[in-house]
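Here's a quick briefing to read alongside the coordinates. Pull the model up in your viewer and follow along by topic.

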Amino acid sequence: MTYSALKTEIEGKTHRGDLTSVIPSLIENAESYLFRELQSIELESSETGTITSNVIVFPAGFMSVQKLVIGDNTLAYESGTETQTTVTAYPLTYTIESGKIKLVDPVADGTAYTLYYSVKH
C-alpha cells in the first residue's frame, strides 16, 4: 500500500472530510508507536545459568530485568531489602546491588535460573 492509498483509506474509514489535514500526523504518530513497540520486543533476550553465592551477574548488554524465574517461581523486585539467612528452595525476591542481581532469600549454589532482560542498543 502506498502512502497516498493509506491516507485515502483512512479518509474513507473515518467518513469525515475535516480530518484530512491531520491524517499525516496520525500516520506519523502510529508509525512512531509501532516502531517503539516492535523495537522493544526485538531488544529483549533471556539467559539461563546457575546461582553462585546468591548472586546473578548481569549478562553482556544487560539494561534492565524484565523477569527472573527460578523453578516455577517468578521473583519480585524489592529495593533496599534486608538479606534473609534461612536457605529456601526457591527465593521470592531479589534486589540489584553493585551491578549484580542479589537474591534476598538465599538458595543453594548451583540453583538454575532464567533471566529475561532488556538489551542495550
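Of the 121 residues of the chain, what percentage count as buried? The figure is 25%, and keep in mind that this is a predicted model. In outline, you're looking at 2 helices and 8 strands, and along the sequence they come in the pattern α-α-β-β-β-β-β-β-β-β.

**Overall picture**

- The chain exposes about 8100 Å², and carbon and sulfur atoms supply 52% of that area.
- If you take the contacts with a separation of 6 or more, 59% of them are between residues 24 or more positions apart.

**The open sheet**

- Four strands make up an open sheet, ordered β1-β8-β3-β4, and the pairing is antiparallel.
- At the edges sit β1 (44–50) and β4 (73–74), each of which pairs on one side only.
- Strands of a sheet pair through backbone hydrogen bonds, either parallel or antiparallel.
- Inside the sheet order, β3 (residues 62–70) and β8 (residues 112–119) run antiparallel and are joined by 6 bridges.
- If you want a register check, Val69 stands opposite Thr114 in β8.

**β7 and its partners**

- β6 (residues 93–97) and β7 also run antiparallel, with 4 bridges joining them.
- In that pairing, Ile96 stands opposite Ile101 in β7.
- The hairpin of β6 and β7 has 2 residues between the strands, and Ser98 takes a positive phi there, near 50°.
- β2 is joined to β7 as well, by 3 bridges, and this pair is antiparallel too.
- Here Val57 has Lys100 in β7 as its bridge partner.
- In a regular strand the side chains alternate between the two faces of the sheet.
- β7 has a covered face with Ile101 and Leu103, and an uncovered face with Lys100 and Lys102.

**The largest nonpolar core**

- This core has 14 residues, and the ones touching the most other members are Ile51, Leu68, Tyr94, Ile101, Leu103, Tyr113 and Leu115.
- Two or more residues each come from β3, β7 (100–103) and β8.
- β3 gives the largest share, 4 residues.
- Tyr94 is worth a click: leaving out residues up to four places away in sequence, its contacts include Val65, Leu68, Leu75, Ile101 and Leu103.
- Not every neighbor of Tyr94 is a nonpolar residue, since the list of residues it touches also has Glu78 and Lys102 among them.

**Helix α1 and the loop after it**

- How far apart are the end C-alpha atoms of α1? They are 17 Å apart, which agrees with the 16 Å that its 12 residues should span at 1.5 Å a residue.
- Right after α1 comes His15, whose phi is positive, near 55°.
- His15 lies in the loop between α1 (3–14) and α2 (23–42).
- His15 counts as exposed because its relative accessibility is 69%, and the cut-off for that label is over 50%.

**Another positive phi**

- Most residues other than glycine have a negative phi, and most peptide bonds are trans.
- Ser53 is another residue to look at here: its phi is positive, near 55°.
- You'll find Ser53 in the loop between β1 and β2 (55–57).
- With 51% relative accessibility, Ser53 counts as exposed.

**Salt bridges**

- Side chains of opposite charge can pair when their charged atoms come close.
- How many salt bridges does the structure hold? There are 2.
- One of them links Lys13 and Glu9, with the closest N and O atoms 3.6 Å apart.
- Lys13 and Glu9 are 4 residues apart in helix α1, so about one helical turn separates them.
- Lys13 counts as exposed at 60% relative accessibility, while Glu9 counts as partly exposed at 38%.
- Arg16 and Asp18 also meet through their side chains in a salt bridge, at 2.9 Å from N to O.
- For this pair, Arg16 is partly exposed at 43% relative accessibility, and Asp18 is exposed, with a relative accessible area of 52%.

Methods: Residues numbered from 1 in each chain as written. Predicted model: local features only at pLDDT ≥ 70, side-chain atom pairs only at ≥ 80, totals over all residues. Heavy atoms only, no water. Pairing = 2+ DSSP bridges. Core = buried A, V, L, I, M, F, W, Y, C linked by side-chain atoms within 4.5 Å. Buried < 20%, exposed > 50% of the residue type's maximum accessible area, 1.4 Å probe, protein only. Contact = heavy atoms within 4.5 Å. Areas by Shrake-Rupley, 256 points an atom, 1.4 Å probe, with all protein chains shown as cover. Expected span 1.5 Å × (residues − 1). Salt bridge = Lys/Arg side-chain N within 4 Å of Asp/Glu carboxyl O.
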